[in-house]
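Here is an informal walk through a two-chain model. We will take the helices, then the contact between the chains, then a little sheet and a loop.

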Amino acid sequence: MSKQSQHWEKTRGLLFVTLAIWFVFSIGIFFFGAEMEASSFRPFGYPLSYYMTCQGSLGIFVILIFWFAGRQEKIDEEFGYTEREDD
Amino acid sequence: MIKGKFIDNLPKVYGIYTGGFLGFIILMAIAEQAGVSAKAIGIAFVAFTVGIYAIIGYLSRTLQVDAYYVAGRQVPTVFNGMATAADWMSGASFVAMAGGIYFKGYGYMALLVGWTGGYVLVASLLAPYLRKFGCYTVPDFIGTRYGGNLARLSAVLVLTVASFTYVTAQINATGTIASVALDIPFGVAVYVGLASILMCSMLGGMRAVTWTQVAQYIVLIIAYLLPVFWISNKMGAGFFPHLMLADEVARIAELEGQFGFVKNSAADLATVPKGLAGITKAHSSVNATPWAFISLAVCMMAGTASLPHVMMRYFTTPSVKSARRSVGWSLFFIFLLYSTAPMLATLSKLSLIDPNLATGIIGKSIADVQAIDWYQNWNQANLMFVSDFNGNGTLELNEFFMGGKAVVLATPEIAGLPYVISGLVAAGGMAAAMSTADGLVLAIANALSHDLYYKIIDPKAETAKRLIVARVLLVLIGFAGATIAALEIQGILGSVIWAFDFAMSGLFFPLVLGVWWKRANAQGAVAGMLLGLAAGTWYLIHVRTGGTPIWGVTQLTFGIIGSLVSLVSMVVVSLMTKAPDAKTQAMVDEVRIPSGKTVLGKQH
């Protein structure tokens, strides 16, 4: 397998993991709104359903993007695709 | 004081700017104490900030194509994040979002989840690849990847429909704020807003818009956060509201149980001025079905990934890597405001309905409430209304009505903050609406000037001529938007949501599959764009004219129908026609490698 297709395979793998996490926190958990509200796990004292819509999911997305960017940079490095110009 | 290139000095330049703005706020506070009128302070805030944006716009003027279209591709990661956040957060986010949360609770929060979750799609599916491609506009990518003028033209069509729907709402918001702050009629204020918007973008295109948007972000985030922290501390609710309002949320639920949600009769409701609403839904409990919540969130997410004014911000970064990181910073800066909106809604609601608080009005006598200063002000502005429906002389929860904008605009005054804060909030709202309108007008004008005029009509045009056409189109589109905004056809938030659905219907799958599916070809993409847009539009009209909804899809989520039709037709047509030629396939391979030259030349 060529270097390029190996790189793309790894990139695609990372995409699936990223989208899976994204799916859980943007769609998956909201099938269980009522269950989250009744949950005894209350971050900072807020009902879990309320917390996830106000801060929880939003914050997880921020972290997820930075994590994704870091992993992708590692993959690019591994295959020598790092860009020269840096910011 | 400042040596070397502008780009190297950005932190310093914007540091001084932020310090200067804070100094201006303090100066205004002193002026207020010295007896300067509230109206003068409001005018000073709007005039001062808009003046600065205009100066930045003038200083960033350019005669180079790549500076005009993509800011020379040298906007650093974090600053591009700020510019994107300002580009993204519209007048609706700033003025109407907290109000939406206040009135609709959990069901409305789907918008918050959708408008942030979409950035994960932007970062992982699109932005880095489109940056590698090196295009100037979104149709530039579609046109080159799939080949052929028809594909390019279809992309221009979808882009124009979606962005134009959005931009009229933004010019409308600019006009609303300008008319309140400067005390001029709305019909005039719309054009004042337009003039400010064009001043920022006309001379320098994307370069000017970038640097004004950073300045606008700084104003709008200070204007949003400062009052919320102040109110929270003043009420003794906690010095860091985001982590400390659990008791307040619980107290609202307790009061809701105590008052109950009494339904008003139609005859009573007819006496309430148009646009005002009462509290009829629970503040924090789950009040929407999973499907209603998820379908709205999905539409906003896919729409985020297809709206051209956001995507084109990532064409301006120096590298693919920085495009990726820049998406993270964008969302971080957006998160700062979005996570604050629910806190503002909570503080605003509690301060109005809790009889134990000095500001609470529920349970007071109607005559007392009508005598309050701020009530009279906002009643006059047509944003507040009380009426004694049951004739007991006391204000009940169901007898109090408010406009959605009042949550942001009136809460500082209700909580007893000095007027200088209200002036600051007006400046912030203006910044939010202007920055989004700028990005959108530029996205449309660039698509028409680059893709329609240069690529299709006159490919031999010289640089100077191209840039003149781009500017003329910018002014024309701005005027068209302002003219429609002056008619006040739809509310601000409704048309914003439609824009997302239009973009999602026509562009989401053609963009994503262009990178991720090599077999996708021009015929498929054209079918996907045109049939998707047509199906979405048909469904919107179908529901608006009283047709039976399919699968519970409403007029706010019609993008689900549009994008499904788009996906199916794109895949079917692609597979029925010839695979893309070897050159196109090689181009897709090239796009997937982050390093090396862009696919399109630096200047094209």
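A helix axis here is a line fitted to C-alpha atoms over the stretch in contact, and angles run from 0 to 180 degrees between N-to-C directions. Helices (H or I, at least four residues) and strands (E, at least two) are DSSP runs, numbered from the N terminus. This is a predicted model: local features need pLDDT of at least 70, side-chain atom pairs count only at pLDDT 80 or more, and totals for chains, interfaces and linings use all residues. Residues are numbered from 1 along each chain as its sequence is written, while chains are lettered from A and ligands numbered from 1 in the order in which they are written.

**A helix pair in chain A**

With that in hand, α1(A) and α3(A) pack at an angle of about 175°, their axes 11 Å apart. That makes α1(A) roughly antiparallel to α3(A), the label for angles over 145 degrees (under 35 is roughly parallel, 65 to 115 roughly perpendicular, the rest oblique). Residues are in contact if their C-beta atoms, placed from the backbone, lie within 7 Å. On the α1(A) side the meeting residues include A:Leu14, A:Ile21 and A:Trp22, and on the α3(A) side A:Ile60, A:Leu64 and A:Phe68 are among them. Sorted by class, this contact has eight nonpolar, six polar and two charged residues. For those classes, Ala, Val, Leu, Ile, Met, Phe, Trp, Tyr, Cys and Pro count as nonpolar, Asp, Glu, Lys and Arg as charged, and the others, Gly among them, as polar.

Which residues of α1(A) are buried? They are A:Thr11, A:Thr18, A:Trp22, A:Phe25 and A:Ser26. Buried means 20 or more other C-beta atoms within 10 Å of the residue's own; 12 or fewer is exposed, in between is partly exposed, and C-beta atoms are placed from the backbone. The cover over them includes α3 (48-78) of chain A, plus α6 (110-133) and α14 (290-306) of chain B. As for α14(B), 14 of its 17 residues are buried, so the helix is mostly covered.

How do the helix lengths work out? The expected span is 1.5 Å times one less than the number of residues, and the end C-alpha atoms agree with it in α1(A) and in α14(B).

| Helix | Residues | Expected span | End C-alpha distance |
|---|---|---|---|
| α1(A) | 24 residues | 34 Å | 34 Å |
| α14(B) | 17 residues | 24 Å | 24 Å |

**Where the chains touch**

The contact takes 40 residues from chain A and 45 residues from chain B. On chain B's side, α6, α11 (241-244), α12 (246-259), α14 and α16 (320-338) each supply at least two residues. The most come from α16(B), with 11 residues. By class, chain B's side has 28 nonpolar, 12 polar and five charged residues.

**A small sheet and a loop in chain B**

Strands pair if DSSP finds at least two bridges between them. Chain B has an open, antiparallel sheet of three strands in the order β1-β3-β2. Its edge strands, β1 (276-277) and β2 (384-386), each pair on one side only. Two bridges link β1(B) with β3(B) (residues 400-403): B:Leu276 stands opposite B:Gly403, and B:Ala277 has B:Met402 as its bridge partner. Three bridges join β2(B) to β3(B), and B:Phe385 stands opposite B:Phe401.

Last, the loop. Most residues other than glycine have a negative phi. B:Ala71, however, has a positive phi near 55°, and the phi of B:Arg73 is positive too, near 50°. B:Ala71 sits in the loop between α3 (65-70) and α4 (77-88) of chain B, as does B:Arg73. B:Ala71 counts as buried because it has 26 C-beta neighbours inside 10 Å, and B:Arg73 counts as buried with 20.

Methods. Contact = placed C-beta atoms within 7 Å.
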